[in-house]
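Student: I would like to go through this structure and ask how each label is earned.
Tutor: Go ahead, and look at the display first.

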Amino acid sequence: MLSTITLPGGATMEMIYVAPGSFMIGSPSSEDERFDSEVQHRVTLTKGFWLGKYEVTQAQWRSVMGSNPSYFKGDNLPVENVSWDDCQMFIARVNNQLNCGARLPTEAEWEYACRAGTTTAYFWGNALNGDKANCDGNYPCGTMVKGPYRETTVQVGSYPANAWGFCDM
């Protein structure tokens, strides 16, 4: 289910509802670049939640906060150079005006939405080289094929959506 909300200041944000469910969080011991702390285990989310389809854009941030702290400028670029505390202020302003219970997702909620029912390292498979996510493609993971290294942020929605409609995950 997709819904669009109007933020304080007038910018809009697309939200996707994520239904409750179970999944394996963490990484299998055979996964490349895995940390010891990523032990796989089943997690059940008993409540659904809403999550933005894209990262928060600079236009959305400016609409709510009145400023843009980002280094790489562009209305449709993700906001960056913000702290956890800055995000909490953003959320408080949204909640103050909309009374909608906005919050950051938990780690389990984020991974559940990111995986969208898949069991691979990334929702598109086990290889990362910059063709499906913004990373340094000179150092691929799960493949020997190098990919692009953009050295900048890119517009939200630049990469394929996962099966649940989330982009740039």
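**Labels and their reasons**

Tutor: In α1, the buried residues are Gln58, Gln60, Trp61, Ser63, Val64 and Met65. The model is a predicted one.

Student: What makes helix α1 largely enclosed by the rest of the structure?
Tutor: Helix α1 spans residues 58–65, and six of its eight residues are buried, so the rest of the structure largely encloses it. The cover over its buried residues includes β2 (12–18) and α2 (84–98). Just after α1, glycine 66 has a positive phi of about 80 degrees.

Student: Why is glutamate 109 called buried?
Tutor: Buried means under 20% relative accessible area. Glutamate 109 has 8% relative accessibility, so it counts as buried.

Student: What is the label for arginine 103, buried, partly exposed or exposed?
Tutor: The range between 20% and 50% is called partly exposed. Arginine 103 has a relative accessible area of 48%, so it is partly exposed.

Student: How do you know that arginine 103 and glutamate 109 form a salt bridge?
Tutor: A salt bridge needs a side-chain nitrogen of Lys or Arg within 4 Å of a carboxyl oxygen of Asp or Glu. For arginine 103 and glutamate 109 the N to O distance is 2.8 Å, and the pair meets the rule. By this rule the count comes to five salt bridges.

Student: What makes aspartate 75 and arginine 62 a salt bridge?
Tutor: Their closest N and O atoms are 2.3 Å apart, and the limit is 4 Å. Aspartate 75 lies in the loop between α1 and α2 and arginine 62 in helix α1, so the pair ties together parts 13 residues apart in sequence. Aspartate 75 is partly exposed at 46% relative accessibility, and arginine 62 is partly exposed at 34%.

Student: Why can tyrosine 17 belong to a surface patch?
Tutor: Patch residues need over 30% relative accessible area. Tyrosine 17, which lies in strand β2, has 31%, so it passes that cut-off. Met1, Tyr17 and Trp50 together form a nonpolar patch with about 340 Å² of accessible area.

Student: Which residues touch the most other members of the largest nonpolar core?
Tutor: They are Leu45, Phe166 and Met169, in a core of 15 residues. Helix α3 (107–115) is one of the elements that supply at least two residues of this core, and α3 gives the most, with four. Another core of 11 residues lies apart from it, with Met13, Trp61, Val64 and Met65 among its members.

Note on methods. Residues are numbered from 1 along each chain as its sequence is written. This is a predicted model: local features need pLDDT of at least 70, side-chain atom pairs count only at pLDDT 80 or more; totals for chains, interfaces and linings use all residues. Side-chain values use heavy atoms; hydrogens and water are left out. Buried means under 20% relative accessible area, exposed over 50%, partly exposed in between (1.4 Å probe, protein chains only). Contact means heavy atoms within 4.5 Å. Patches are made of residues with over 30% relative accessible area and no salt bridge: like charges are joined within 9 Å, nonpolar side chains (Val, Leu, Ile, Met, Phe, Trp, Tyr) within 5 Å. Accessible areas come from the Shrake-Rupley method with a 1.4 Å probe; for residues, only the protein chains shown count as cover. A nonpolar core is a set of buried Ala, Val, Leu, Ile, Met, Phe, Trp, Tyr and Cys residues joined through side-chain atoms within 4.5 Å.
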